[in-house]
Amino acid sequence: MENSESKETLKEKIVNGIGKFKSHWNKPPEGYQVAYKEFAAFAAGCGSPNMLGVLTQYTTIATSVHLMISYFKMSTGMAWILTILASVIAIIRSPILSMMIDNSNGKSGKFKPFLLWSAIGTAVTFSFVPYIPSSWMDIHLFSIPLPAIPIMGVYEASTIDFNLGILLAFILIQIGQFFITLLNQSIAGIEQTISSVAQERANIGSIKGLVSGLPSSVVNIILPILAGTLFAKQGGWNAVNMYRVAFPICGVIGVLLVLFLVKGVEERTVVKQEYVASVKFSEGMRLLSKSKYFWIITIFNAFNAIRNLANITTWITQYSFASDTAKTVIGLYCSTILMNAIAVALLVGPFLIKKMGKRNLMILSCVGYVIMIALQVVFHKNPVLILVVSFFEQFFGGFYFLTGIMTSDIMDEIQMKTGKRLEGFWQNYMAIVTTVIGVFTGMLTPLFLSFGGVGFSDDISLALQSPELRNNIFFYQSLLALIGAVIVAIPFFFYDLTEDKHANIVRVLRIRAAVDNYNDNMLQSEDISYLREIVDYANEANEQMVLDELAKHDCIDNILATEISLNPQ
């Protein structure tokens, strides 16, 4: 009898859960702003940059990318020179993107007008990269003389040769970077403005990460299988034909997914009805430079790239195991088990945010990452143990999504102080700062690898085939990543924008929006509803910050008095 009652209770819970889901499909839950239908469209649409990210993942100018070191013959010296050039281009690109985004006043929103054509541009440019003929690698264009630099492992003067193929690939990648950066920044802006409720943003960011990553996860499961089976005789991961097949397919799917965002998502910023975006780049830089929170997140992003050097699974997959079967199995482990580590972090993220707060959770994840990389340094000669440690690195790294939620909170804080929405400037000014820092930190990888006997102009793929050099590469790369991880963790000890403080900032913004709309004769019923809740809360909680803001405006009583005419009984 008791079991029957328990089953009935469970059945009732399931039925009630389904009913609740249906009731909120078109109407948001109480206290929230986003209906489940829009939530689903946003999560699906965010799969677009993830799917297109498959293209960028396998065409990055780096010595850890199969296509670059096998097909385009990338050396550490060539990668460093091209990275510096890419940094200069990024600095030029950043203010252009900032002005485009933060001065956008499209009818469909501030960010949505850029989504479709930026996705198409990304798909087209990156898909062309593997189609560059191999014969073009033999067309020599010029050489850059390299002096003897003993500290870098270069004991004799030499040259770094550039061919037509690698330069064309670089040009296509830079054009593609413009489009993918615009796409990512537009989607980030939508995520920051889709709701003004902090916990709802956390829920959206977490579930979005789980759902949006599914398409690219499937691709990353399929590719190791293809590399180990159909394309094994052509070089496996080094087979250019595999990328020629996969890239166009991923590009088309990425473009189709972005339509969910274009058609099904709304931007919500707490501003007056007649707000017009107009900010000069110099003004945006000046305003952001005054925010300590901007510098906290910027330092994190600037050195996170160094921390991410701990991910050496690509090298382990290709060079630590001899048989094609082992490479396939390890490749599947990296694309499934490791990806699930990130999924676990995304799944538990909202719950831990409620329990600990964003700051404390971010500190925990950063410290956990430091410990795991320290273990990787210890285990550098054992690739299996490195793969085990990498699982926990991916888990702690999965809480990276917290920085996006923090950025949303900081945007509100900056708006309260300046009256400006600076999403585009935030991302691009940060890009300029991190790029400048990256020019210097980019030298660290070849420097540390030189400590292990890999010269500046050496072919990294050949060095990795030597067990002794491979162990040295793993050790010094992991040691550099450990330094980056420690630097990344430090800023968050100074982050004090709490959940309660942010909630009051949003209340202040809603007060100002209601007052501006009242003065412009654009008052909405929701302005009055929000204002009534804010007044009641401020009086009951004796919240001085909100009370001070209410005291600045002598029209509050007049606004509340219009409630009867807007909402007749």
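An axis here is a line fitted to C-alpha atoms, taken for helices over the stretch in contact, and the angle between two axes runs from 0 to 180 degrees between N-to-C directions. With that in mind, and remembering that this is a predicted model, begin the tour with a pair of helices.

Select helix α12, residues 292–307, together with helix α17, residues 401–418, and you will find them packed at an angle of about 155°, their axes lying 10 Å apart. Angles over 145 degrees count as roughly antiparallel, and α12 and α17 are therefore roughly antiparallel to each other. Their crossing is left-handed. To see the contact itself, show Tyr293, Ile297 and Phe300 on α12, and then Thr403, Met406, Thr407, Ile410 and Glu413 on α17. Coloured by type, the residues of this contact between α12 and α17 fall into 5 nonpolar, 2 polar and 1 charged.

Move next to helix α2, residues 36–45, and helix α3, residues 47–57, where the packing angle is about 10° and the axes are 5 Å apart. That angle makes α2 roughly parallel to α3. Here Ala43, Ala44 and Gly45 of α2 meet Gly47, Ser48 and Pro49 of α3, and the residues of this contact divide into 3 nonpolar, 3 polar and no charged.

Finally, select helix α14, residues 324–356, whose 33 residues reach 45 Å from the first C-alpha to the last, close to the 48 Å expected at 1.5 Å a residue. Following α14 along its course, stop at glycine 349, where there is a kink of about 45° shortly before proline 350. Just after α14 comes glycine 357, which takes a positive phi of about 90°.

How values were computed
Residues numbered from 1 in each chain as written. Predicted model: local features only at pLDDT ≥ 70, side-chain atom pairs only at ≥ 80, totals over all residues. Heavy atoms only, no water. Helix = DSSP H or I, 4+ residues; strand = E, 2+ residues; numbered from the N terminus. Parallel < 35°, antiparallel > 145°, perpendicular 65-115°, else oblique. Contact = heavy atoms within 4.5 Å. Nonpolar A, V, L, I, M, F, W, Y, C, P; charged D, E, K, R; others polar. Expected span 1.5 Å × (residues − 1). Bend = angle between axes of the 7 residues up to and from the residue. Left-handed = near helix turned anticlockwise from the far one by under 90°.
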